Amino acid sequence: MEFAELIKTATVESVLLSGAGLPPVRGTLCITSHHLLLSSRPGGDGAPGTVELWLLIRNVDAVEKRVQNLGWYQPPRTNSSQRDTRFGFSRPLDSANLPGSARLRANPRGSPLTQQKRELQLLPLGHARGPRGRACRPAPRASLPCASAPTRGAADPSPASPRLAGSSGTITLRCKDLKVLQLEIPGMEECLNVASSIEALSSVDSVMMMYPFFYRPQDLRLEAGWHLFPLEQYYQQIATQTSQWRLSGVNRDFAACPTYPPAVIVPAAVDDEALRKAARFRQGGRFPVLSYYHQKNGTVMLRSSQPLTGPNRKRCREDELLLGTVLDEGERGFIIDTRSAQAAKQARMTGGGTEPKSSYPRWKRLHRPLERGRPLQESFIKLVDACNDTSLTMDRWLSRLESCRWLSHVKAALSTACLAAQCLDREEACVLVHGAEGTDTTLLVTALAQLILDPGCRTLAGFQGLLEREWIEQAGHPFHLRCARSAYSHARLKQEAPLFLLFLDCVWQLGRQFPFSLEFGERLLLTLFDNAYASSYGTFLGNNEKERCLCKVKESTHSLWAWLNQPEEKRKYLNPLYSRNALVIWPSVEPQSIQLWQGLFFRWIRSSKYLDEAWAEIQRLVENDDTSVEESAGNRRSQSLSDTAAQTENER
């Protein structure tokens, strides 16, 4: 596939850009293979224009278009079903399933054209209608996916492409980072072509066609950042404390489990053959592996998927052996199932299930249901919709905030993570966490529990390592599926779910309740949210390590960590109030303690100028204080050396 085939119009003049909190800007709109650019017109002195918009097209979640001011538009007489030759099959020409078609709204006021406009039907891609209803020729496709491709723009109409008198179109871009932009484009044909191009380019689903494979910044090496947090390094930290665990290469060819990495940490007493048999007993092959070693008392947290006991209550001796060797003589463990007891029972009827007490006598099962999939995605959509509605009264706002149940999901996630942390730290018991597949709510609990327990995970580097272990490389969260759509998409929900966003929200709650204990601030969390849904870097590409290996992500794209850890960038994400806290941080999960993350959900609605200025001032004061302390310490050392030298001279 060539990107040029998807770009109907590459440049359009005199486009008006507007958005919440942004002054309207008029300039030239350019569509490239991966970006939408708008350059403002140069001044009268011939100065070059300023780029006002540089939007990654992958960030576009929904495209809404409206054509206005149709002075003389004759509706085409078409059949309700036409052949879409671009896709090679027949289907109804409907704006919901045909990129580039337009939903033309009727004039609400009475006029001679009202009935005519109400009867307007959808146009095929790249076509317009002349004053007598004759179809004009479609605009030629751009030969190159760049802004320099010649097109018939709004400022230079040609006889072969007649313009509707006074027509214009408005395109609303709803982005995955929750930003909303509007483009007012002169000319209906240009409007439809631009909308069609953006829809087609934003729908490219091939991982290797995405922007990270084309992004080449000059100040970063391609291999930098990919090997900062190897599992071997994490294992060595555990090996210095105990010899009961080993690093296994049982999955080196991804045969045992396609969503696990090549190396995993498992009990030393269990051989690889037993691991392979245990993998066949767990959904997706996700057998229990070590997630976290609690150095305070030697307890461990494991994660896996559900056992495939089924309606006949099948058993697996190797799986029972694996979990049995985790516990010492007389010890007990807890299995935290992130499904309800009813959901787990229903799963057994379809081949899944839970660990029966008779086969795992020293493990006690606790059900803590956490939503995933469609209910969580719908909650996210409802919350964003409520936040964007600025006309709500107080009562109506509180009602909609409660009905979306997003804060309830945050509370449930933090409560379950606290339960896991309490089992490890206070009960001194080992924990196994799993749901159904073990790639969503399981990771939410294990990652949050480590943040609560381990001060090392609360540093900037430690948090990046935690994300690699519990979300990206080691645990295999399917980012490509879960983050395919955000809150604005009109597409039918498939496997989208904002689990990673829910995790970031919970981390923000921890940072708000313990403002001195996290080395990083809100800006890092916002950056991670943005890059999980649309990024110039390859860190969040794919669904698991096997897919990233097949696509050669580490060899062909840059790592987000390499960019974040540059000295000039790293400083932006640090918390100026940070002071290392070696204690466990137990968050309050009372309803009064859980707050809406305004920095994310109101980011493009309400200006954060004064808050940003306040944090900048705090940063300046802290840095000045550190400089003063260093200078004072240096002066004391100099004075001490001078006094010593003077005393020595006097003795002589």
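Mentor: Start with pairing: two strands pair if DSSP finds at least two bridges between them. Helices (H or I, at least four residues) and strands (E, at least two) are DSSP runs, numbered from the N terminus. This is a predicted model: local features need pLDDT of at least 70, side-chain atom pairs count only at pLDDT 80 or more, and totals for chains, interfaces and linings use all residues. Residues are numbered from 1 along each chain as its sequence is written, while side-chain values use heavy atoms and leave out hydrogens and water.

Trainee: How do you know that strand 1 and strand 2 pair?

Mentor: DSSP needs at least two bridges, and strand 1 and strand 2 have six, so they count as paired. The sense is antiparallel. V12 has L29 of strand 2 as its bridge partner. The hairpin of these strands has two residues between them, and G21 there takes a positive phi near 80°.

Trainee: How do you know that strand 3 pairs with strand 4?

Mentor: Five antiparallel bridges join strand 3 (residues 35-40) to strand 4. That meets the cut-off, so the pair stands. H35 has L56 in strand 4 as its bridge partner. Strand 3 also pairs with strand 2, again over five bridges and antiparallel. I31 stands opposite L36 in strand 3. Three residues separate strand 2 and strand 3 in their hairpin.

Trainee: What makes strand 4 an edge strand?

Mentor: Look at the whole sheet. Seven strands form an open sheet, antiparallel, in the order 4-3-2-1-9-8-5. Strand 4 (51-56) and strand 5 (60-68) each pair on one side only, which makes them the edges. From one strand to the next, the twist averages 30°.

Trainee: How do you know which strands helix 2 lies across?

Mentor: By contact, meaning heavy atoms within 4.5 Å. Helix 2 (residues 188-202) lies across strands including strand 1 (11-19), strand 8 (168-175) and strand 9 (180-186). The helix runs at about 170° to strand 5. Such angles run from 0 to 180 degrees between N-to-C directions, with axes fitted to C-alpha atoms, for helices over the stretch in contact.

Trainee: What makes D319 and L322 of helix 5 buried?

Mentor: Buried means under 20% relative accessible area, exposed over 50%, and partly exposed in between (1.4 Å probe, protein chains only). D319, E320, L322, L323 and V326 are the buried residues of helix 5 (residues 317-326), so each falls under the 20% mark. They cover an arc of only 160° around the axis, so they sit on the same side of helix 5. The arc is that of the directions from the helix axis to the C-beta atoms. Among the elements they pack against are helix 4 (272-280) and strand 15 (363-367).

Trainee: Why is R405 called partly exposed?

Mentor: R405 has 40% relative accessibility, between 20% and 50%, so partly exposed is the right class. R405 lies in the loop between helix 8 (394-404) and helix 9.

Trainee: What makes the phi of R405 worth a remark?

Mentor: Most residues other than glycine have a negative phi. R405 has a positive one, near 65°. E428, also not a glycine, has a positive phi of about 55°. E428 is in the loop between helix 9 and strand 16.

Trainee: What makes a group of residues a nonpolar core?

Mentor: The members are buried Ala, Val, Leu, Ile, Met, Phe, Trp, Tyr and Cys residues joined through side-chain atoms within 4.5 Å. The largest core here has 123 residues; F287 is one of those touching the most other members. Helix 9 (residues 406-425) gives the most, with eleven residues. A second, separate core has 30 residues, including A10 and V204.
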